Amino acid sequence: MRRLALIALPFMLSGCFYPAARGRALETRLDQLDASQAQIQAELKRTREQLDATLPLIDEKIAQVSKALDGLDKASRRSGADIGIQLQKTVEDLAQLRGQVETYVYKIGELEAALAKTTEDTDKRLLEIKGEQALKEAEARKKAEELKRPTDKKEFLALAQDKAKAGDVTLARQLYGEFIKKWPKDALVAEAHFGLGESYFAEDKCREALFEYGKLLQEHPKAASTPEAYLRSSECFQKLKMQDEARLALEELVKGYPKSDAAKTAKTRLAELDKAKKKGSKK
């Protein structure tokens, strides 16, 4: 068991990275989008400051109108024409200020819409540069945000398994990952790792699958899915042309879990490997 864990360790430690050319293209595009966002944000800030400066003037004009109206009955020493002129001018000033406010509000709306679009374009460009898988993961995160999670851990795991069976693999991985973070010490974490491994195995992503199977074998040797994880690991090693490691996984399975159904399959495969080896020796 320890030998296989050591073999799988490079897969568990390996990370994902992008070629240098794609990385430079990503940085250039993001720099351009950041500059565009900064320009829009600066203009939005100026417009909001102008609006903030105009609003007190409106309040002042409203106060003047109110004062003028209240003082009509006390203005016997002034002609009605004078009062009308003053009131008319105040109303016109107020209308002008109101027009400025409407302009600023409209401009702020346009700037906020442009900023939102630029942000959306940034996210989209970033995902396009990262590739199709990143787009799928982003969609899965969006679905996951809208999805109601069960509070019970068994129901939570069952939800992830149901999504995987339904073919919504990326969302299932999101849920499996959340389960592992939420209940890291629970025994059911083993099944979450196995579920993740199976999702990658179904897509022939053997390195990613071996990472998850390796976590299961190393940290949960007594889990119900451990024998099957050995069997899957052997298949992954075979696909990666690592024949010795594939045999080792089968041998560890038979040795550590002799009564399991997976061990019966492992024995059959070991016999087939021995038979093929003998034929090759004769030739």
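**Exercise 1. Helix packing, α7 to α9**

α7 passes α8 in a left-handed crossing. The model is predicted. Find how the axes of α7 and α8 are arranged, and which residues of the two helices meet.

*Solution.*
Step 1. Locate the helices: α7 covers residues 189–201 and α8 covers residues 206–219.
Step 2. Take the geometry. The packing angle is about 160°, and the axes lie 8 Å apart.
Step 3. Classify. That angle makes α7 roughly antiparallel to α8, since angles over 145 degrees fall in that class.
Step 4. List the contacts. From α7 come Ala 190, His 193, Phe 194, Leu 196, Gly 197, Glu 198, Tyr 200 and Phe 201. Their partners in α8 are Glu 208, Ala 209, Glu 212, Tyr 213, Lys 215 and Leu 216.

Now treat the next pair, α8 and α9, in the same manner.

*Solution.*
Step 1. Helix α9 spans residues 226–239. Its axis is 9 Å from that of α8, at an angle of about 150°.
Step 2. α8 and α9 are therefore roughly antiparallel to each other.
Step 3. The crossing of α8 past α9 is left-handed.
Step 4. On the α8 side, the contacts include Ala 209, Leu 210, Tyr 213 and Leu 216. On the α9 side they include Ala 229, Tyr 230, Ser 233 and Phe 237.

**Exercise 2. Positive phi in two loops**

Which loops hold Asp 204 and Lys 241? Are these residues buried or exposed?

*Solution.*
Step 1. Recall the background: most residues other than glycine have a negative phi.
Step 2. Asp 204 has a positive phi of about 60°. It sits in the loop between α7 and α8.
Step 3. Asp 204 has a relative accessible area of 53%, so it is exposed.
Step 4. Lys 241 has a positive phi near 65°. Its loop joins α9 and α10.
Step 5. Lys 241 reaches 71% relative accessibility, so it too counts as exposed.

**Exercise 3. Length and burial of α6**

What span should helix α6 have at 1.5 Å a residue?

*Solution.*
Step 1. α6 has 14 residues, 169–182.
Step 2. The expected span is 20 Å.
Step 3. The end C-alpha atoms are 20 Å apart, so the model agrees.
Step 4. Check burial. The buried residues of α6 include Val 169, Leu 171, Leu 175, Tyr 176, Phe 179 and Ile 180. Arg 173 is also buried.

**Exercise 4. Arg 247 and its partners**

Which residues does Arg 247 contact beyond its neighbours within four places in sequence?

*Solution.*
Step 1. Place Arg 247: it belongs to helix α10.
Step 2. Its relative accessible area is 23%, so Arg 247 is partly exposed.
Step 3. Its contacts are Leu 270, Leu 273 and Asp 274.
Step 4. Take Leu 270. Sequence separates it from Arg 247 by 23 residues, while the C-alpha atoms are 7.1 Å apart.
Step 5. Take Asp 274. Its side chain makes a polar contact of 2.8 Å with that of Arg 247.

**Exercise 5. Ser 260 in a loop**

Is Ser 260 buried or exposed? What does it touch?

*Solution.*
Step 1. Ser 260 lies in the loop between α10 (243–256) and α11 (261–282).
Step 2. With a relative accessible area of 15%, Ser 260 is buried, because the cut-off is under 20%.
Step 3. Not counting residues up to four places away in sequence, Ser 260 touches Pro 227 and Leu 253.
Step 4. A polar atom of the Ser 260 side chain lies 3.1 Å from the backbone nitrogen of Ala 263.

**Exercise 6. The whole chain**

How many helices and strands does the protein chain have?

*Solution.*
Step 1. There are 11 helices and zero strands.
Step 2. Of its 283 residues, 34% count as buried.
Step 3. Among contacts with a separation of 6 or more, 62% join residues 24 or more positions apart.

How values were computed:
Residues numbered from 1 in each chain as written. Predicted model: local features only at pLDDT ≥ 70, side-chain atom pairs only at ≥ 80, totals over all residues. Heavy atoms only, no water. Helix = DSSP H or I, 4+ residues; strand = E, 2+ residues; numbered from the N terminus. Expected span 1.5 Å × (residues − 1). Buried < 20%, exposed > 50% of the residue type's maximum accessible area, 1.4 Å probe, protein only. Polar contact = N/O pair within 3.5 Å; in protein donor to acceptor, adjacent residues only side chain to side chain. Contact = heavy atoms within 4.5 Å. Axes fitted to C-alpha atoms, helices over the stretch in contact; angles between N-to-C directions. Parallel < 35°, antiparallel > 145°, perpendicular 65-115°, else oblique. Left-handed = near helix turned anticlockwise from the far one by under 90°.
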